[in-house]
Amino acid sequence: MTHAFRIATAAVCVLLGAGTHPAFASSQTQTYELELFVPQISQAANGELVSITGEGLFSIHPKTVSANGNFTHSDGHGNVVANGTWVATRLLSFQPYGCGVVLGFPVPPNLCGGKLMLRVQLTSESGQFEGILSVFCIIGPNPPNSHDDESGEGARLDIIGVNNFNKIVSGGNVYIKTN
């Protein structure tokens, strides 16, 4: 995500009424709103693409998740292979990068970044499939130094036994800390 896009995203959240909240506390309940506000596009090794949208809530201590959205799977030529929905079935992990800073510039303190991993169930006209959805938001003072090489901003989807869309093409998302 470009610097201007991140600042615009932060401004939108402020205009929508996002309030301020305290910083991370590792043993306390932490609840976040997940917003995949533009399609998260990733590519598999065979050139196929998946586009993912969605939203939801997840909580740390205890681990809970309620999130869902849509996906479109297309071949390397842009032809749609499948459309469907996804539902999070389990929060696997969340590695926070912190809140309130984008590329060294302050943003509202409840805009946060991190690496979120969810177990998801995908449903399409082809049936139901299990997958792992990994969402990366590069906000906060502590993103890994390798984030551009490792993941970048966006999401990856591993449809278990079907295809692994592990190269982020584009995306834009945010975690909004609600408590």
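Is Phe58 buried or exposed? Phe58 is buried, because its relative accessibility is 2%, under the 20% cut-off. Keep in mind that this is a predicted model. Phe58 is a handy way in, since the residue turns up among those with the most contacts inside the largest nonpolar core and also belongs to a cluster of linked aromatic rings.

**Confidence**
- Averaged over the protein, pLDDT comes to 84, with 81% of the residues at 70 or more.
- Residues 1–25 are the stretch to treat with care: their pLDDT is below 50. In the model this stretch still has 45 contacts beyond near neighbours in sequence.

**The nonpolar core**
- In soluble globular proteins, nonpolar side chains tend to end up buried together.
- Here, the largest nonpolar core counts 34 residues. Phe58, Trp86, Leu116, Leu133 and Tyr175 have the most contacts inside it.
- Plenty of strands chip in: β1 (30–43), β2 (49–60), β3 (64–74), β4 (80–99), β7 (111–124), β8 (127–137), β9 and β12 (174–177) each give two or more residues to this core.
- The largest share comes from β7, which puts in 6 residues.

**Strand β7 and its partners**
- β7 is mostly covered, with 10 of its 14 residues buried.
- With β4, β7 pairs in the antiparallel sense over 13 bridges. One spot to look at is Leu118 in β7, the bridge partner of Leu91.
- With β8, β7 again pairs in the antiparallel sense, this time over 11 bridges. Look for Gln121, which stands opposite Glu130 in β8.
- Getting from β7 to β8 takes a hairpin of 2 residues.
- With β12, the antiparallel pairing with β7 runs over 2 bridges. Cys112 stands opposite Tyr175 of β12, and Tyr175 is one of the core residues with the most contacts.

**Aromatic pairs**
- Searching the whole structure turns up 5 aromatic pairs.
- Tyr32 and Phe58 count as stacked because their ring centres are 5.1 Å apart and their planes sit at 20 degrees, under the 30 degrees cut-off. This pair links distant parts of the chain, with Tyr32 in strand β1 and Phe58 in strand β2, 26 residues apart.
- Tyr32 is buried too, with a relative accessible area of 0%.
- Tyr32 has another ring partner in Phe94, and this pair is tilted: 5.1 Å from centre to centre, with 50 degrees between the planes. Since Tyr32 lies in strand β1 and Phe94 in strand β4, the pair ties together parts 62 residues apart in sequence.
- Phe94 has a relative accessible area of 14%, so this residue also counts as buried.
- Put together, ring pairs link Tyr32, Phe58, Phe94 and Tyr175 into a cluster.

**A loop residue**
- Val162 is a residue to check outside the strands, in the loop between β9 (154–159) and β10 (163–165).
- Val162 counts as partly exposed because its relative accessibility is 48%.
- From Val162 to Gly131 the C-alpha to C-alpha distance is 9.2 Å, with their positions 31 residues apart in sequence.

Definitions and conventions. Residues numbered from 1 in each chain as written. Predicted model: local features only at pLDDT ≥ 70, side-chain atom pairs only at ≥ 80, totals over all residues. Heavy atoms only, no water. Helix = DSSP H or I, 4+ residues; strand = E, 2+ residues; numbered from the N terminus. Buried < 20%, exposed > 50% of the residue type's maximum accessible area, 1.4 Å probe, protein only. pLDDT = per-residue confidence, 0-100. Contact = heavy atoms within 4.5 Å. Core = buried A, V, L, I, M, F, W, Y, C linked by side-chain atoms within 4.5 Å. Pairing = 2+ DSSP bridges. Phe/Tyr/Trp six-rings, centres within 6.5 Å; stacked < 30°, edge-to-face > 60°.
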